[in-house]
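Let's take a walk through this structure together, one spot at a time. Have the sequence and the 3D view open as you read.

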Amino acid sequence: MELPLIPPMLATPGALPPAAQDARWAYETKQDGQRVVAYLPGDGSVLLRARSGQDITAAYPELGPLGTALGATPAVLDGEVLALDEQGRADFQLLQSRMGLAHAPGLAAHRAAKAPVHLVLFDALHLGSRSLLRLPYTRRRGHLEELGLDGPAWSTPAALVGHGAEALRATREHGLEGLVCKRTDSVYEPGVRSRAWIKIRNMRSEDVVVGGWLPGKGRLAGLPGAVLVGQRAAGRLRYVGGVGTGWSASERTELASLLRAAATDVCPFDPVPRLPEARWVVPRLVGEVRYSTRTREGMLRQPSWLRLRPDLAPEESAADLPDDMV
């Protein structure tokens with residue numbers, strides 16, 4: 001059966017719904033993976049399309065058996081491909097080694113043996129000969145759960161209706177990326193970034209020491225495009241990433257002056273990061289940054305600048321790399 005092409009519905013960044021409306025919303029864990037729409041035509045095959053519409057089926061050969069999970073029943077399902085670490089948590093860095101291999105099936109099969117993926121399903125868009133797009137979320141979820149799609153490389157995690165504050169707190173306590181809030185009466189809006197779905201990303205903040213910067217380009221010429229930051233570990237300053245957002249124009253100009261005054265030819269990071277355009281500074285400026293998660297090497301993901309900490313000398317700050325990253 002030829003199935004309709006359906007671009008995925010997208011969530012809008014925001015906050016928890018008001019407490020008075022809590023029971024009208026369902027809550028799902030925000031996954032740190034690659035969004036996919038899975039097409040099961042009912043002939044034993046499966047087609048996976050990325051958010052862009054690109055066919056990425058060959059990148060994930062372990063998901064091929066999903067094509068037989070519903071027998072001859074055609075379906076279009078929405079979900080996210082994850083790579084899981086040893087604790088069973090989504091690890092985007094692991095997943096990156098699998099992405100982009102749709103045109104290299106041999107390499108994809110090799111990587112699958114070392115870093116297998118798991119498909120989390122959270123919506124049903126088409127089932128049999130019927131479109132489910134105009135059904136409310138609760139009915140679509142009901143159809144999805146009735147399919148019983150829990151296999152060796154795919155699952156259908158439960159969604160929680162109500163209790164949003166508790167759900168968000170649980171994601172933070174377990175180190176998960178965040179929460180997606182979905183209005184229970186909402187229809188599926190293909191390709192639309194809708195207010196009926198709200199995503200909340202858990203962010204963390206920590207002190208860092210500024211050890212360098214990268215020159216800005218275009219309208220930022222002559223100013224720092226990003227600062228290079230580190231944290232202490234075993235008596236040395238370890239590079240943990242570049243931060244390029246979070247300043248107003250005046251704050252960026254002030255920071256440029258401070259960086260010029262601290263210029264040095266000696267890289268303060270050990271080991272020295274491979275950044276050909278980097279300008280180094282004496283590591284005496286302390287800042288606070290916000291970020292989502294860390295890579296296994298301790299690098300900050302999606303960092304943004306919160307504030308300069310002129311009240312703190314580097315040795316007085318809490319700019320220490322976590323023990324499990326040392």
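Which side chain does the side chain of Q231 make a polar contact with? Before getting to that, keep in mind that this is a predicted model. Now find Q231 in strand β13, which covers residues 224-233. The side chain it pairs up with belongs to E206, and the polar contact spans 2.8 Å. That isn't the end of the story for this glutamine: the side chain of Q231 also reaches the backbone oxygen of D207, at 3.0 Å.

Is Q231 buried or exposed? Its relative accessibility is 0%, and because buried means under 20%, Q231 counts as buried. Look at what surrounds it, leaving aside residues up to four places away in sequence: Q231 touches a list of residues that includes V208, R236, L237, R238 and V240, as well as R294, A319, D320, L321 and P322. E206 and D207, which we've just met, are in that list too.

Next, let's go hunting for rings. The structure holds four aromatic pairs. One of them joins W247 and W305, with 5.7 Å from centre to centre and 35° between the planes, so the pair counts as tilted. What does this pair tie together? W247 sits in the loop between β14 (236-243) and α5 (249-261), while W305 is in strand β17 (residues 304-308), so the pair links parts that are 58 residues apart in sequence. Both tryptophans are tucked away: W247 is buried at a relative accessible area of 12%, and W305 is buried too, at 6%.

There's also an aromatic cluster to find, made up of Y239, F269 and W280. And for a ring with a charged visitor, turn to W197: K182 lies over its face, 3.8 Å from the ring centre.

Finally, head back toward the start of the chain, to strands β3 (residues 34-40) and β4. These two pair in the antiparallel sense over four bridges, and one thing to look for is A38, whose bridge partner in β4 is L48. Together β3 and β4 form a hairpin with six residues between them, and in the turn G42 has a positive phi of about 95°.

Strand β4 itself (residues 47-50) has two faces worth comparing. L48 and A50 make up the covered face, whereas L47 and R49 are on the uncovered one. Why the every-other-residue pattern? In a regular strand, side chains alternate between the two faces of the sheet.

Conventions. Residues numbered from 1 in each chain as written. Predicted model: local features only at pLDDT ≥ 70, side-chain atom pairs only at ≥ 80, totals over all residues. Heavy atoms only, no water. Phe/Tyr/Trp six-rings, centres within 6.5 Å; stacked < 30°, edge-to-face > 60°. Buried < 20%, exposed > 50% of the residue type's maximum accessible area, 1.4 Å probe, protein only. Lys NZ or Arg CZ within 6 Å of the ring centre and 35° of its normal. Polar contact = N/O pair within 3.5 Å; in protein donor to acceptor, adjacent residues only side chain to side chain. Contact = heavy atoms within 4.5 Å. Pairing = 2+ DSSP bridges.
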